[in-house]
Amino acid sequence: MLEIRGLTKTFGSMVALDDESFTIQPGEIMGLIGQNGAGKTTTFRMILNFITPDHGDILWDGHPLTSEDYDILGYLPEERGLYPKMRINDQIAYFAQLRGMKVRDVNAQLDQWFKRFNVKGKKTDKLKDLSKGNQQKIQLITTLIHMPKLIILDEPFSGLDPVNASLLQDGINMMRDSGACIIYSSHDMSNVEALSDKLIMLKNGKTVLNGTVDEIRNSYGRIKLFIESNLTRDELTSFDGVIDVKHEGNRFELMLKSPEVGQEIFVAATKNGYIPEFSQQAPTLDEIFRMKVGEADA
Amino acid sequence: MHKMLIIAKQVFMKNVRSASWIFLVLSPVLLLGISIGIGHLVQSSQSKPTIGVVSSVPAIRKNFADSLPGMKVKEYHSQDKAETAMQNKKLDAVLAVPIKNGEIAANLQLRDGGKVVSTKTIQAVLSQIQLQAQATKLNLNSEQLQALLKPAVLRSKTVVVDHGKASTKNQKTDTSNHLIAVAITVLMLVFTLSYGSMIAQEIATEKGSRIMETILSSVSATTQFFGKLAGILALLVVNILFYLLLILVAWKPLMKIDIVKTMLGNFDFGVLTSTNGLIFCVFFILAVLTYSVLAALTGSLVANQEQVQQAVMPISMIGLLGYVFALAVQGGDSLIVKIVSYLPFVGASVMPVRLAMSFATVGDAWISILISVIFLILFTWFTAKAYKSNVLVYNQGGFLKSIRSTFSIMNAERKSK
Ligand SMILES: Nc1ncnc2c1ncn2[C@@H]1O[C@H](COP(=O)(O)OP(=O)(O)OP(=O)(O)O)[C@@H](O)[C@H]1O
Ligand SMILES: [Mg+2]
């Protein structure tokens with residue numbers, strides 16, 4: 001179990017991370033989302049002991065991570081990098097050895113991993129002869145081949161096409177099923193909802209969302225309303241508690257302050273009987289993300 | 001420890017197969033081989049003129065044939081035949097040795113454009129024959145002749161006055177010391193620069209290509225740092241062992257070649273096993289280590305592959321500085337080189353030369369070594385720390401900016417703990 005408590009880091013006068021806390025149980029996947037500069041990479045670097053936090057604790061199964069724990073770690077850095085002129089099997093073996101794996105075991109398992117990520121290329125090719133996406137898959141294999149118990153993936157989906165992104169999702173799910181604690185970052189919401197058990201959203205270092213995907217969505221309730229009626233834009237806007245009105249043709253998309261506002265609108269809209277559409281929904285994660293991004297700093 | 005070995009091994013294996021390392025090791029050997037070869041060819045093509053000796057006395061002809069080194073001797077009965085041969089360019093010279101009344105009045109004809117014939121050598125042999133003839137005339141036996149010919153003895157030695165004690169050393173040791181001093185300066189420069197830039201490049205490339213982060217999530221920065229150093233130093237050891245082996249194998253055949261014999265004839269090999277030899281070795285090892293650590297430090301400062309050359313520059317600059325000072329010492333001692341010879345980095349190339357030239361004593365050298373060792377320990381400790389902060393900082397602003405942010409990060413890390 002990975003436990004983060006009150007993590008804070010400042011660079012000079014800039015607060016990069018402010019009082020961040022979360023836990024990841026074995027077999028759980030946590031998504032860390034936030035815009036550029038939100039503090040995602042900084043969080044990872046502190047877990048990896050690259051930089052020292054100003055305050056806060058990082059505990060792995062109750063004790064701080066030390067060099068003893070390196071072998072159970074799997075880390076995919078944000079900026080990828082491997083040896084371009086080295087043969088693929090040699091370099092995977094090298095990195096795996098640094099995680100305490102035997103070369104024999106690496107060679108025995110390599111084919112399976114190539115198949116899993118559908119790598120186009122021979123094991124004895126030089127890395128630079130592979131396409132960028134395939135190079136990235138090799139990097140993923142080096143991150144996962146030793147079956148780490150704590151997996152940290154910084155923007156794993158960037159640079160992958162949708163087909164390969166879903167291969168990666170399968171890979172991550174496989175690791176989850178093997179009981180690993182997984183944390184990954186992303187600055188957009190695609191893949192996140194399907195993949196994550198829990199989410200943290202950072203904004204300028206502050207935690208603005210924290211919980212399971214359902215908890216987060218439900219905490220907002222059904223505040224999105226699709227409506228097609230005789231009500232005009234002005235009439236809709238004039239309701240107390242309508243934050244935003246978008247329209248396409250006769251159909252309007254409203255953002256409400258709270259789900260209760262919908263009842264009021266329903267009464268007004270159905271005053272004259274039938275209307276073609278009235279649908280009140282919870283916002284998607286993507287919308288929550290955008291709302292949070294748009295909010296002024298607290 | 002185990003992971004350090006894995007890193008060292010990877011560095012070693014990667015470089016030992018690289019064209020640049022193989023070239024580094026082989027090029028001095030090839031260069032030396034080629035120059036010895038050319039020297040040998042030049043010498044052998046120049047120094048073997050063919051000379052025709054004309055005499056009616058077989059003993060005289062034989063005397064010349066046996067005792068003219070570096071010349072091919074052909075024996076002739078008649079002057080005409082010899083001269084014809086010279087006109088056909090088969091001979092470079094014709095030496096006629098008629099004997100009249102037991103006196104020798106030889107006559108040498110040299111062919112214009114022929115190979116150089118040493119008249120001195122011919123003169124010597126002629127005098128020898130003349131002497132022999134005179135001795136026979138005077139009824140001297142060979143012992144008497146020997147006694148007559150014995151030259152007076154002149155022995156020379158240089159006296160070193162060291163702390164009021166005079167000690168002697170012979171002229172040969174002096175030249176050898178000087179030769180070694182020159183060799184040391186050059187070897188030091190070549191090895192520190194080559195291996196220094198190898199380390200800087202190794203680290204800078206790894207950092208520039210962002211492999212560093214992956215590695216540092218599997219091993220500590222210190223482990224990686226020392227692993228890399230160990231890998232490169234292992235290459236150096238292999239390099240030196242290879243040279244030693246080569247010398248061992250090639251020694252006998254090489255010593256048969258005239259030019260090598262002349263070159264090394266003045267060399268006193270005792271110097272190599274003397275205290276001076278030991279000190280030279282210690283300085284060499286210290287220099288390589290210190291420069292390697294510096295190289296690791298500058299290598300860890302780069303932000304991208306393009307800056308790798310910048311990482312190598314400080315090493316070459318300090319290396320050249322040491323070289324220049326060492327050359328200066330060969331021109332004479334001065335206060336500045338005296339001071340410089342106690343400093344780390346440059347001292348390692350300056351002090352051995354001062355020692356070899358007898359400007360410094362063995363005691364001075366040990367002091368300089370002590371200073372260097374202490375510096376090396378502190379410097380390594382500092383570098384290992386700085387390295388940890390450096391390797392994850394990417395500053396596009398260039399080198400100086402990187403250095404500044406290194407210090408600020410080291411400070412911040414200290415405060416955080
Ligand atoms: N070594 C450093 N020195 C100074 N500031 C830093 C350092 N590392 C990170 N920062 C700052 O901390 C903040 C958080 O950076 P971080 O890299 O964690 O963002 P991120 O969420 O990973 O963003 P991205 O999506 O762009 O990768 C940024 O404002 C960044 O400029
Ligand atoms: Mg980042």
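# Close-up views of a predicted two-chain model

A polar side-chain atom of Thr42(A) lies just 2.5 Å from an oxygen atom of ligand 1. That contact is a good place to start looking around this model, which is predicted.

**Figure 1. Three polar contacts hold the eye at ligand 1.** Begin with Thr42(A), whose side chain brings a polar atom to 2.5 Å from a ligand 1 oxygen. Now look for Gly37(A): here a polar atom of the backbone is 2.7 Å from an oxygen atom of ligand 1. The third contact involves Glu78(A), where an N or O atom of the side chain is 2.3 Å from a ligand oxygen. Taken on its own, ligand 1 has 640 Å² of accessible area, and the protein covers 65% of it.

**Figure 2. A shell of 13 residues surrounds ligand 1.** Which residues come closest to the ligand? They are Gly37(A), Lys40(A), Thr41(A), Thr42(A) and Glu78(A). Sorted by class, the shell holds four nonpolar, six polar and three charged residues. Two elements of chain A, β2 (14–24) and α1, each give two or more residues to this shell. The largest share belongs to α1(A), with three residues.

**Figure 3. Thr41(A) and Glu78(A) coordinate the magnesium ion.** The ion, ligand 2, is coordinated through OG1 of Thr41(A) and through OE atoms of Glu78(A), which is listed twice, at 1.8 to 2.7 Å. Where do these two residues sit along chain A? Thr41(A) belongs to helix α1 (residues 40–47), while Glu78(A) is in the loop between β6 (73–76) and α2 (88–98), so the pair ties together parts that are 37 residues apart in sequence. Both residues are also among the closest to ligand 1.

**Figure 4. A closer look at Thr41(A) and its surroundings.** Is Thr41(A) buried or exposed? With a relative accessible area of 16%, Thr41(A) is buried, because the cut-off for buried is under 20%. Glu78(A), its partner at the magnesium ion, is partly exposed, with a relative accessible area of 37%. Setting aside neighbours within four places in sequence, Thr41(A) is in contact with Glu78(A) and Asp154(A). To find Thr41(A) in the model, follow helix α1 of chain A.

**Figure 5. Asn118(A) has a positive phi in a loop.** Although Asn118(A) is not a glycine, its phi is positive, at about 55 degrees. Look for this residue in the loop between α3 (103–116) and α4 (132–144) of chain A. Asn118(A) is partly exposed, and its relative accessible area is 38%.

**Figure 6. Glu155(A) also has a positive phi.** Here phi is about 50 degrees, again in a residue that is not a glycine. Glu155(A) is found in the loop between β7 (150–153) and α5 (162–177) of chain A. What is the relative accessible area of Glu155(A)? The value is 8%, and Glu155(A) is buried.

**Figure 7. Phe23(B) is an exposed residue on a helix of chain B.** Moving to the other chain, find helix α2 (residues 19–46) of chain B, where Phe23(B) lies. Phe23(B) counts as exposed, because its relative accessibility is 59% and the cut-off for exposed is over 50%. For a sense of distance, look along the chain to Ile6(B), which is 17 residues away in sequence. The C-alpha atoms of Phe23(B) and Ile6(B) are separated by 25 Å.

**Figure 8. The setting of the close-ups in chain A.** Stepping back, chain A has ten helices and 14 strands. Its C-alpha trace spans about 75 × 45 × 30 Å along the principal axes. Of the 298 residues in chain A, 51% are buried. Where contacts join residues at least 6 apart in sequence, 68% of them in chain A link residues at least 24 apart. The accessible surface of this chain comes to about 13,800 Å², with 48% belonging to carbon and sulfur atoms.

**Figure 9. The setting of the close-up in chain B.** How many helices and strands does chain B have? There are 17 helices and eight strands. Buried residues make up 42% of its 417 residues. Among chain B contacts between residues at least 6 apart in sequence, 69% join residues at least 24 apart. Chain B exposes about 22,600 Å², and carbon and sulfur atoms supply 66% of that area.

Note on methods: Residues numbered from 1 in each chain as written. Chains lettered and ligands numbered in written order. Predicted model: local features only at pLDDT ≥ 70, side-chain atom pairs only at ≥ 80, totals over all residues. Heavy atoms only, no water. Donors = N, O, S within 2.8 Å, 3.2 Å for Na, K, Ca; no water. Helix = DSSP H or I, 4+ residues; strand = E, 2+ residues; numbered from the N terminus. Buried < 20%, exposed > 50% of the residue type's maximum accessible area, 1.4 Å probe, protein only. Near = heavy atom within 4 Å. Polar contact = N/O pair within 3.5 Å; in protein donor to acceptor, adjacent residues only side chain to side chain. Areas by Shrake-Rupley, 256 points an atom, 1.4 Å probe, with all protein chains shown as cover. Nonpolar A, V, L, I, M, F, W, Y, C, P; charged D, E, K, R; others polar. Contact = heavy atoms within 4.5 Å.
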